[in-house]
Amino acid sequence: MRVLGVDPGLTRCGVGVVEGAAGRRLTMVGVGVVRTPADAETAERLVLIERGIEQWLDEHRPEYVAVERVFSQHNVRTVMGTAQASAVAMLCAARRGLPVALHTPSEVKAAVTGSGRADKAQVGSMVTRLLRLDAPPKPADAADALALAICHIWRAPAANRLQQIAAAHRSTVPARLPKGTR
């Protein structure tokens, strides 16, 4: 499985591609950051992020895209920018028919470090160890993108199995007709 992880942000949008399978060796395919100038208009910055993500999709051909789920922060401007960058990543993937998974920061931290409360340094250290890198990717946005991809690789099989079970259950449960239509 090849996954593009995206740590959304307007100034720095972390991107990282990891290949592997649950219980198997993981390999970093690429890591980087899509940057935009802080003084540019929001619409222009979103176009730059879209171009950057499209370039990563063209170059690395992932099968899945994992994006950090936006959570409430105190700074509304930061949340809005993160949500907008996240939407661009999802749009780019959907345009190509790629499945998109959203993972919360605590879910990613728990998957990679064993603790949903791990700090950035712990995440970077575990990403370095899991991918057998010489040093943690810099900036932290790049390490977070790799952590998102790792999280998805490890959690997708279980999530897919749960979806299959739910779908099978729905197909065996008879449909209920509204009252008065029997």
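**View 1. The largest nonpolar core of this predicted model has 20 residues.** L4, V6, I49, I53, L57 and V65 touch the most other members. At least two core residues each come from β1 (2–7), β2 (12–19), α1 (42–60), β4 and α2 (76–95). A nonpolar core here is a set of buried Ala, Val, Leu, Ile, Met, Phe, Trp, Tyr and Cys residues joined through side-chain atoms within 4.5 Å. Buried means under 20% relative accessible area, exposed over 50%, and partly exposed in between (1.4 Å probe, protein chains only). Helices (H or I, at least four residues) and strands (E, at least two) are DSSP runs, numbered from the N terminus. In soluble globular proteins, nonpolar side chains tend to be buried together.

Residue numbers start from 1 along each chain as its sequence is written. Because the model is predicted, local features need pLDDT of at least 70 and side-chain atom pairs count only at pLDDT 80 or more, while totals for chains, interfaces and linings use all residues; side-chain values use heavy atoms, leaving out hydrogens and water.

**View 2. V65 and its contacts.** V65 is in contact with L4, V6, L57, A93, L98, P99, V100 and A101, leaving aside neighbours within four places in sequence. Contact means heavy atoms within 4.5 Å. A second, separate core of 19 residues includes V18, V108, V127 and A147.

**View 3. The residues annotated "active site" are D7, E68 and D141, according to an unreviewed UniProt entry.** They are spread over 135 residues of sequence, yet they cluster in space, with a largest C-alpha distance of 10.9 Å. UniProt positions follow the numbering used here, feature names are shortened, and annotations may be inferred rather than shown by experiment.

**View 4. D7 and D141, on a strand and a helix.** D7 lies in strand β1 and is buried at 5% relative accessible area. Beyond four places in sequence, D7 is in contact with R12, C13, G14, E68, D141, D144, A145 and L148. D141 sits in helix α5 and counts as buried at 12% relative accessibility. With the same sequence neighbours set aside, D141 touches D7, R12 and G14. The D141 side chain makes a polar contact with the R12 side chain, at 2.6 Å. A polar contact is a pair of N or O atoms within 3.5 Å; within protein, one must be able to donate a hydrogen and the other to accept it, and residues adjacent in sequence count only if both atoms are side-chain atoms.

**View 5. E68 in strand β4 (residues 64–68).** The unreviewed UniProt entry also lists E68 under "binding site". E68 is buried, with a relative accessible area of 15%. Apart from neighbours within four places in sequence, the contacts of E68 are V6, D7, P8, S86, H103, P105 and L148.

**View 6. Helix α4 (residues 120–130) and its two ends.** V123, G124, M126, V127 and T128 of α4 are buried. D119 caps the N-terminal end: a side-chain oxygen lies 3.2 Å from the backbone nitrogen of A121. R132 follows α4, with a positive phi near 55°. R132 is partly exposed, at 40% relative accessibility.

**View 7. Backbone exceptions in two loops.** Most residues other than glycine have a negative phi, and most peptide bonds are trans. R61, in the loop between α1 and β4, has a positive phi of about 45°. R61 is exposed, at 58% relative accessibility. The K138 to P139 peptide bond is cis, with omega near -10°. P139 lies in the loop between α4 and α5 (140–172).
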